[in-house]
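Student: I've got a structure open and I'd like to learn how to read it. Can you walk me through a few features?

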Amino acid sequence: MTAIKHALQRDIFTPNDERLLSIVNVCKAGKKKRNCFLCATVTTERPVQVNVVKVKKSDKGDFYKRQTAWALRDLAVVDAKDAVKESPEFDLHFDKVYKWVASSTVEKNTFISCIWKLNQRYLRKKIDFINVSSQLLEESVPSGENQSVAGGDEEAVDEYQELNAREEQDIEIMMEGCEYAIANAEAFAEKLSRELQVLDGANIQSIMASEKQVNILMKLLDEALKEVDQIELKLSSYEEMLQSVKEQMDQISESNHLIHLSNTNNVKLLSEIEFLVNHMDLAKGHIKALQEGDLTSSRGIEACTNAADALLQCMNVALHPGHDMLHAVKQQQQRFSDLREQFARRLASHLNSVFVQQGHDQSSTLAQHSAELTLPNHHPFHRDLLRYAKLMEWLKNTDYGKYEGLTKNYMDYLSRLYEREIKDFFEVAKVKMTGTTREGKKFATLPRKESAVKQETESLHGSSGKLTGSTSSLNKLSVQSSGNRRSQSSSLLDMGNMSASDLDVADRTKFDKIFEQVLSELEPLCLAEQDFISKFFKLQQHQSTSGTTNEVEEMDGVAFSRSYTSGVPQTVSSEKDMIRQMMTKIFRCIEPELNNLIALGDKIDSFNSLYMLVKMSHHVWTAQNVDPASFLSTTLGNVLVTVKRNFDKCISNQMKQMDEVKISKKSKVGILPFVAEFEEFAALAESIFKNAERRGDLDKAYIKLIRAVFDSVEKVANESQKTPRDVVMMENFHHIFATLSRLKISCLEAEKKEAKQKYTDHLQSYVIYSLGQPLEKLNHFFEGVEARVAQGIREEEVSYQLAFNKQELRKVIKEYPGKEVKKGLDNLYKKVDKHLCEEENLLQVVWHSMQDEFIRQYKHFEGLIARCYPGSGITMEFTIQDILDYCSSIAQSH
């Protein structure tokens, strides 16, 4: 028990400035529950508080915890159940009766005795101790009161006391004087007894001798007793006085505690009232601004904005629990709600009127832009409205219904305004592109187009556009000789075959500038409006969109990104979607107008699709760098799909017309039209796509076109009757090779090498075929010689053959004098000249190749003569130098 008492004192009572005096292990009567301890404690501070504390062992460990405490002054009755028999049961009557069963009667009695002593010392109140033994209720408290009270259960001190050094020395001297003491203890004891008697007698005599002193001492003792009685009477009176003072001090202490509690409550109440007054009181100036503030001036708007923010702070104040039950708070909240509703209604009405008024002012400036390719500037309109941006944010946070209504009204009105502006803008662009007025009159500077060609083109392409004049006439024109082409050049110009003319270049340049100006005007207009919507309506513009998914549409290997938005709550992501939806409604006419403009440009000249693809790709790339999911990026991306389709259609139409080309049976072919047109297309495309973002689209088109050109050249060469196949292949592939070498198109390096190879092969084939065997009989003679050698006859023995002797060789050589050779070469030159066209200028190249081939045959014949007819002295009638002279003179003469 001592260990438990020490542990409880250390862990529970010492931290609370209490001293444990007594402890009893108990359990509740009539119930089988875990034991607990009742502890009698006093505080170490003045005034002393006496408590009875219930301590219980924790369920989660081996430590004890304080469960219940009762003040001793609240104890009315202590019932020990039986004063005679020993019983562990006892009752304590506090606010109710608590029945306990102690673990032992000794602990119970010790605890009750401690309670009685604490009551006598500290309280002196009437506590009824019933069925308690009178031995436990002692009036007198031992001198060591604190020790008896605090340590009633301590063990008694052992009576044994050890001898000190002096006592040990006296006993040793005594035993030395009686040596027999060790041998005869009885004799030693008798001796000691006799000596003790002597000493007692001496003491008595001494006392009797000092009777006078004893009487004096007794008298002094009586006087001292009287003084002690007087002191005890004074101490008793003092104690009674101190007891009353103690009771008064206890009452004062309780009163001070109540006063302190009252002051604390008053401070808290004042703090709550100050909190409500400071946070829920709106200044009169703010109220006046909300009710009557001027929403047209900058100063009035600022005052209304400050008042609206103050009102919002008052309405959003975090009230403490219970504040919303106060009638004054409810009234103030209702007042704030009425002010908010009134100001929101007034603000929405004013902003609606501002939208209308600003729109009318904007419409009045529309006339000055009607003849110019520019869009009206909305910056003043945006600047004026941005003064209300903070009020719009307040309206969005307080009354979303009116905010949403304003948003819809803005979209409805502005969409009509922008629709008028954009349609007029595109009308001006179309007029500038076509050169026609709105009444349909053409300007005199435009080239006239053949109606049949126009109708044919429009029926083929519809509204998507037509090819250039040279391309669209391929189905009509046959492949003609160079002379006929020169003679008909003027008629072709009249039919619109002016794709390479300065006029067509000027028209395309003008179209490119107009289209670029259209995009350059639309882009800042959309960006400015989007920026204004974000700032004015307080919508997030550059945040991640969890509700947005991107889908990729692929066309001929080219990916176009489209954005689709799923419905999400009004979060940051959906605010970005809201910007895009507002922009889509306001500028709903941009995409169809752009598509119409693109269709018109493609109808004017299908090569315009190249310009449009480059310009549109650049603007899409720029818009995606700013914001990939913006309205401008999405719209331009959709339009770019249409432009890419027109570009692909232009390429497909050119390939189709190559496939359908017809050639004349009466005139030589020369350079095929589609080969020249590919050169024109490539030169134009290279100038347009220089440093363009969509270079890959052009490279794919190049591959398709060049393969179609190769196939069509071979097809025409196979079908040609007037011009040899090798000539058609040689001239056209030479032209293709020259074009690719000049333009240096990296993706067509393989085709350039292929064109060169085809040109070289067909040049060699044509030379061999055209030259043939100019010395026919001599050639047949030597073929027989080579045949004999091949049969196994030695070369030097061939001359012994009857058909191939020296006389036969001289006879054949005499048939080819220099004059006949020159005549044959002259006829060959004329034949080649008829086959070749002037545009490609390959006559001298072919003639030089034929000269080399002829010299090669000559050297072959001389070698056979030297090997088969050694020492015969037989030579040709002409030399290699003669051949060179013949060829040179023939070329110069023609």
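Tutor: Start with Glu-172, which sits in helix α4 (residues 165-177). Bear in mind throughout that this is a predicted model.

Student: Which residues gather with Glu-172 in a patch of negative charge on the surface?

Tutor: To read a patch, look for like charges grouped on the outside. Here Glu-172 gathers with Glu-167, Glu-168, Asp-170 and Glu-176, and together they make a surface patch of negative charge.

Student: Okay, on to strands. How many residues of strand β2 are buried?

Tutor: For burial, the cut-off is under 20% relative accessible area. In strand β2 (residues 36-43), eight of the eight residues are buried, so the strand is largely enclosed by the rest of the structure.

Student: Which residues of β2 lie on one side, and which on the other?

Tutor: Take the two faces in turn. One side of β2 carries Cys-36, Leu-38, Ala-40 and Val-42, the other carries Phe-37, Cys-39, Thr-41 and Thr-43, and both faces are covered.

Student: What does β2 pair with, and in which sense, parallel or antiparallel?

Tutor: For pairing, follow the bridges from strand to strand. Strand β1 (residues 18-28) pairs with β2 in the antiparallel sense, over eight bridges. If you want landmarks, find Val-26 opposite Cys-36 of β2, and Glu-18 opposite Thr-43 of β2. Then there's strand β3 (residues 50-57), which runs antiparallel to β2 and is joined to it by seven bridges. Look for Cys-39 there, with Val-53 in β3 as its bridge partner. The connection between β2 and β3 is a hairpin of six residues.

Student: And why is β1 described as largely enclosed?

Tutor: Same kind of count. Nine of the 11 residues of β1 are buried, so the rest of the structure largely encloses this strand. β1 also has three bridges to strand β7 (residues 97-102), and those two run antiparallel. Cys-27 is the one to click on, as it stands opposite Val-101 in β7.

Student: Let's do charges that pair up. How many salt bridges does a search of the whole structure find?

Tutor: The general idea is that side chains of opposite charge can pair when their charged atoms come close. A search of the whole structure turns up 28 salt bridges. One of them is between Asp-91 and Lys-81, with the closest N and O atoms 2.6 Å apart. That pair links distant parts of the chain: Asp-91 is in strand β6 (residues 89-93), while Lys-81 is in the loop between β5 (77-79) and β6, 10 residues apart.

Student: Are Asp-91 and Lys-81 buried or partly exposed?

Tutor: One of each. Asp-91 is buried, with a relative accessible area of 3%, whereas Lys-81 is partly exposed at 32%.

Student: Where would I look for a salt bridge inside a helix, say between Glu-341 and Arg-345?

Tutor: Go to helix α9 (residues 327-364), where Glu-341 and Arg-345 lie four residues apart, about one turn of the helix. Their side chains meet in a salt bridge at 3.5 Å, N to O. Glu-341 is partly exposed, at 30% relative accessible area, and Arg-345 is partly exposed too, at 46%.

Student: What is the spacing of Lys-811 and Glu-808 in helix α27?

Tutor: Lys-811 and Glu-808 are three residues apart in α27 (residues 806-814), so about one helical turn separates them. They form a salt bridge whose closest N and O atoms are 3.9 Å apart. As for networks, salt bridges with shared partners join Glu-341, Arg-345, Asp-399 and Lys-402 into one.

Notes. Residues are numbered from 1 along each chain as its sequence is written. This is a predicted model: local features need pLDDT of at least 70, side-chain atom pairs count only at pLDDT 80 or more; totals for chains, interfaces and linings use all residues. Side-chain values use heavy atoms; hydrogens and water are left out. Patches are made of residues with over 30% relative accessible area and no salt bridge: like charges are joined within 9 Å, nonpolar side chains (Val, Leu, Ile, Met, Phe, Trp, Tyr) within 5 Å. Accessible areas come from the Shrake-Rupley method with a 1.4 Å probe; for residues, only the protein chains shown count as cover. A salt bridge is a side-chain nitrogen of Lys or Arg within 4 Å of a carboxyl oxygen of Asp or Glu. Lys and Arg count as positive and Asp and Glu as negative; His and the chain ends are not counted. The place of a charge is taken as NZ of Lys, CZ of Arg, CG of Asp or CD of Glu. Buried means under 20% relative accessible area, exposed over 50%, partly exposed in between (1.4 Å probe, protein chains only). Two strands pair if DSSP finds at least two bridges between them.
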